[in-house]
Amino acid sequence: LYGLGAGDRLLCSLDLGWGLGSLLVERGVRYTPLFAMVAGRVDPLEAYRRLGEYRFNVLVSDPFWLARLTGIARERGRPGPMKLLLGGGEGITERTRAELEAFWGAPLCMTYASTEAATILAFECTQQSGYHVNEFDFYPEIVEPDGDGYGEIVLTTVTRRVMPLVRYRTGDVARWEPAPCPCGLPFGRLSPLRGRLDEQVSCAWGNVHPEFFEPLLRPVPGLGSDWQVSLYERELTPVVQFRLELEGGGDAARERAVQEVLAALQRGHQEAWLAYCQRLVDIEFAFFAPGTLRRQRKLLRLVDERPSGPPDWVGRAVHRSRPQ
Ligand SMILES: [Zn+2]
């Protein structure tokens, strides 16, 4: 599938503590001729130091770990040739993916898994156009699809005897990719996840998903891969608050980020832009140092804080903007 074989050397740094990812990799590689080390969530700096010596050319990890490793390697130099990056655990932005692939000169293929599924549900091939379903183990359905075919992924396990699942609701939103994949694998393909049901927010901009915001953030220079958008209400006005991690964030960099996001909104979403100009929606920006937004393993990209208001830690990081 990925063209790996004898002579390739794999390092897996997925969490060994409570996650299943490392365990699956550790069991899976026994059926391959790869040299593999499943080290658990090791410090990326230590992994970097060993990369050249151990000649790892396949890395399996969470996207944020790969991003941190790449940051280190950028400063100190690329240790050796890389063949494949395999990401699991959560989604990745197209921008981060492009940066990692450009730096390592290797494709980054993502997997889709969950704790309840207890294994990989679906995975990207090197075409990177959707996730091939693991049809040996699962029968997924898309329920209540919208006009574009997007709906919740519902799972039924096919072979499992321990904790079988029947039409289990994942909360993840995707659709089927209708065309066969050029790679030739006959397994059905799910689109990239559009978000989670619990991340879908209805507001003056309509039903918005995290993918609404990602293109707005793509043109901003110096932005980290973690970000969050919150919707809350300030004295009846709905506020869309962008929480961004900016490298070396001086005032000029912040102002530039604000202008880039607003310009992208104006270009790409005229109705949303109009609602902003009409003061139906306010937009705010809050800037943080890299690495501070992620408080849990999974960072929700879009949160509805209308009932509670934004949390205290956002506090003074806020930078208001006004439509001209
Ligand atoms: Zn394929």
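The radius of gyration used here is taken over C-alpha atoms, and the globule rule is 2.2 Å times the number of residues to the power 0.38. With that in hand, welcome to a predicted model, shown below in four views.

**View 1. The whole chain has the radius of gyration expected of a compact globule.** For 324 residues, the rule puts a compact globule near 20 Å, and the chain comes out at 21 Å, which agrees. Along its principal axes, the C-alpha trace spans about 60 × 50 × 35 Å. As you look around, you will meet 7 helices and 20 strands.

**View 2. Surface and interior of the chain.** Of the 324 residues, 47% count as buried. The accessible surface comes to about 16,500 Å², and carbon and sulfur atoms account for 52% of that area. Contacts also tell us how the chain folds back on itself: among those between residues at least 6 apart in sequence, 61% join residues at least 24 apart.

**View 3. A zinc ion held by four residues.** Here you can find the zinc ion coordinated by C125 through SG, H132 through NE2, C181 through SG and C183 through SG, at 2.1 to 2.3 Å. Why is the arrangement tetrahedral? The 4 donor atoms subtend angles of 105 to 113° around the zinc ion, and four donors count as tetrahedral if all angles lie between 85 and 135 degrees. Reading along the sequence, the donor residues follow the spacing C-x6-H-x48-C-x1-C. Within this set, H132 and C181 link distant parts of the chain, being 49 residues apart. H132 sits in strand β7 (residues 131-133), whereas C181 lies in the loop between β11 (176-177) and β12 (189-190). Are these two donors buried or exposed? Buried means under 20% relative accessible area; H132 counts as buried because its relative accessibility is 0%, and C181 counts as buried because its value is 7%.

**View 4. A286 and its surroundings in the fold.** Our last stop is A286, placed in strand β18 (residues 282-288). With a relative accessible area of 0%, A286 is buried. Which residues does A286 touch, not counting those up to four places away in sequence? They are Q241, F242, R243, L244, V314, A317 and V318. One of these, F242, is 44 residues from A286 along the chain, yet the C-alpha atoms of A286 and F242 are separated by 6.1 Å.

Conventions. Residues are numbered from 1 along each chain as its sequence is written. This is a predicted model: local features need pLDDT of at least 70, side-chain atom pairs count only at pLDDT 80 or more; totals for chains, interfaces and linings use all residues. Side-chain values use heavy atoms; hydrogens and water are left out. Donors are N, O and S atoms within 2.8 Å of the metal (3.2 Å for Na, K and Ca); water is not among the atoms, so sites may look incomplete. Four donors count as tetrahedral if all angles lie between 85 and 135 degrees; four count as square planar and six as octahedral if opposite donors are over 155 degrees apart and all others between 65 and 115; anything else is irregular. Helices (H or I, at least four residues) and strands (E, at least two) are DSSP runs, numbered from the N terminus. Buried means under 20% relative accessible area, exposed over 50%, partly exposed in between (1.4 Å probe, protein chains only). Contact means heavy atoms within 4.5 Å. Accessible areas come from the Shrake-Rupley method with a 1.4 Å probe; for residues, only the protein chains shown count as cover.
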